[in-house]
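Reader: I have a structure open on my screen and would like to walk through it with you. Could we take it one question at a time?

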Amino acid sequence: MIQLQNISKHYLTNNRQTIALNAVSLHVNKGEIFGIIGHSGAGKSTLLRTINLLERPSSGQVLINNTEFTQLNHTELQNKRRKIGMIFQHFNLLTSATVEKNIAFPLTLAGMPKNQIQARVNELLTLVGLEEHRNKYPSQLSGGQKQRVGIARALSADPDILLCDEATSALDPLTTNSILELLAEINRKFGITIVLITHEMHVIRTICDKVAVIHAGQIVEQGLVTEVFLKPQHRVTQEFIDELSDPIEWSNLRNQQGTSPHLVKITFLGEQTYLPLLSEIISHTGVTFSIMQGTISRLKDTPYGVLHVIFHGEERAIEQTIQELKIRGLDVEVMQ
Ligand SMILES: Nc1ncnc2c1ncn2[C@@H]1O[C@H](COP(=O)(O)OP(=O)(O)OP(=O)(O)O)[C@@H](O)[C@H]1O
Ligand SMILES: [Mg+2]
């Protein structure tokens, strides 16, 4: 549905060239929630804005539903852009217009008849849960409510694609989750393809199907969230993931009995997460273990677990335990 091919973007300011994007290629399928994560200045906003050509790439192709956007004339582009909604970190609402008027604004611009606008606005107010706030001004709303207005406005023209530029970065954790839930609901109900950019792995983990990691204008890693999150290949990806969990207590590890303790990382995915595989196996191999760190959570709808353990026992029994865990389909990595 969205294909970015070899996109580069250079800026020239005061005779100095900044390479904001360097040969970026991405493919987003219809109905996906695709997350792009990167540090500040990595090129996230520039990349997102090339999708609707708010930012024209210096080179490369932007194909949306097989239409090459860079070849469209002004009117054609305007028409195509109506089907791409966008929401922003700082909401970008009209401060002198009520909630209703903010949501109606794109429809008024598009020349929709008044009664139809009213019906559509009512529908959207219900969807985002703001019926009671319809006559308020943005200054009378909380951040979360403002973003709900932003979402309703972005959906007003019934878009196929929703672009989200750090939509939750100005919100507290609880409000962030409620906005993420709303975005997931919109994706499920209407099949709208969502591309979001963020610097928070929590956002990726909560709602995205796929992820691309951008660093210094280049995509350094991309794939299914379940794959990238559990088997990160690039240092930057690892750093984002590490932010979500406490570091392993290496000093505790050194204090464990035995001269060379085996620290093992066991990863569970899907239904495996809830099965007593480890206890079944150790019950006959005879090893014991200490947990150094553990997480059980979800990647969107998929349960997963990551357990760092030290096995104690005979070398052969430990090896057998690791072997059997692998046979039962778990990912086992001997860390040291
Ligand atoms: N209009 C511009 N003129 C010159 N340089 C620009 C322009 N817009 C962006 N850049 C540069 O391009 C690079 C990428 O910027 P971009 O805004 O895409 O980063 P970002 O990943 O969205 O960062 P943040 O998380 O801080 O929003 C930066 O080095 C930035 O300074
Ligand atoms: Mg940005």
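Reader: Which residue takes a positive phi in the hairpin of β4 and β5?
Author: Happy to start there, with the note that this is a predicted model. β4 and β5 run antiparallel and are joined by 2 bridges, and the hairpin they form has 2 residues between the strands. The residue with a positive phi, near 45°, is N65.

Reader: And which residue of β5 stands opposite L63?
Author: L63 is a handy one to click on, since it is also the bridge partner of Q3. That pairing belongs to β1 and β4, which run antiparallel and are joined by 5 bridges. In β5, the residue opposite L63 is E68.

Reader: Let's go to the ligand. Which element gives the largest share of the shell around ligand 1?
Author: Ligand 1 is surrounded by 13 residues, and the closest are Y11, A20, S40, S45 and T46. Two or more residues of this shell come from each of β1 (2-13), β2 (16-28) and α1 (44-51). The largest share is 3 residues, and the element that gives it is α1.

Reader: How many residues of the shell around ligand 1 are polar?
Author: Sorting the shell by class gives 3 nonpolar residues and 1 charged residue. The polar residues number 9.

Reader: Which strands stand at the edges of the sheet of 6 strands?
Author: This open sheet has mixed pairing, and its order is β6-β7-β8-β3-β9-β10. Neighbouring strands are turned against each other by 15° on average, direction ignored. Two strands have a single partner each, so one side of each is left without a neighbour in the sheet. Those edge strands are β6 (84-88) and β10 (218-224).

Reader: Which residue of β10 is the bridge partner of A212?
Author: Look at the pair formed by β9 (residues 210-215) and β10. They pair in the antiparallel sense over 6 bridges. In β10, the partner of A212 is Q222.

Reader: What distance separates the centres of domain 1 and domain 2?
Author: The domain assignment of the protein gives domain 1 as 2-232 and domain 2 as 250-334. Taken over C-alpha atoms, their centres are separated by 40 Å.

Reader: Which element gives the most to the side of domain 1 that touches domain 2?
Author: The contact takes 9 residues from domain 1 and 6 residues from domain 2. On the domain 1 side, the elements that give two or more residues are α7 (201-207) and α8 (225-230). By class, this side divides into 5 nonpolar, 2 polar and 2 charged residues. The most, 4 residues, comes from α8.

Reader: Now the sheet of 4 strands: why is one side of β12 and of β14 left without a neighbour?
Author: The order of this open sheet is β12-β13-β11-β14, with antiparallel pairing, and the twist averages 15° from one strand to the next. β12 (288-299) and β14 (331-334) have one free side each because they stand at the edges, each with a single partner strand.

Reader: Which residue in the hairpin of β12 and β13 takes a positive phi?
Author: β12 and β13 pair in the antiparallel sense over 11 bridges, with G294 opposite L307 in β13. Their hairpin has 2 residues between the strands. The residue with the positive phi, near 55°, is K300.

Reader: Which residue of β13 stands opposite V264?
Author: Here β13 (residues 302-312) meets β11 (residues 262-269). The two strands pair in the antiparallel sense over 8 bridges. Opposite V264, in β13, stands V309.

Reader: Which strands does α12 lie across?
Author: As a guide to direction, α12 runs at about 145° to β14. The strands it lies across are β11, β13 and β14.

Reader: How far apart are the axes of α11 and α12?
Author: Two packed helices are described by the angle between their axes and the distance between the axes. For α11 (residues 277-285) and α12 (residues 315-327), the angle is about 145°, and α11 passes α12 in a right-handed crossing. L277, I281, I282 and T285 in α11 meet A317, Q320, T321, E324 and L325 in α12, which divide into 5 nonpolar, 3 polar and 1 charged. The distance between the axes is 10 Å.

Terms used: Residues numbered from 1 in each chain as written. Chains lettered and ligands numbered in written order. Predicted model: local features only at pLDDT ≥ 70, side-chain atom pairs only at ≥ 80, totals over all residues. Near = placed C-beta within 6 Å. Nonpolar A, V, L, I, M, F, W, Y, C, P; charged D, E, K, R; others polar. Axes fitted to C-alpha atoms, helices over the stretch in contact; angles between N-to-C directions. Left-handed = near helix turned anticlockwise from the far one by under 90°. Contact = placed C-beta atoms within 7 Å. Domains from an automatic or database assignment. Pairing = 2+ DSSP bridges.
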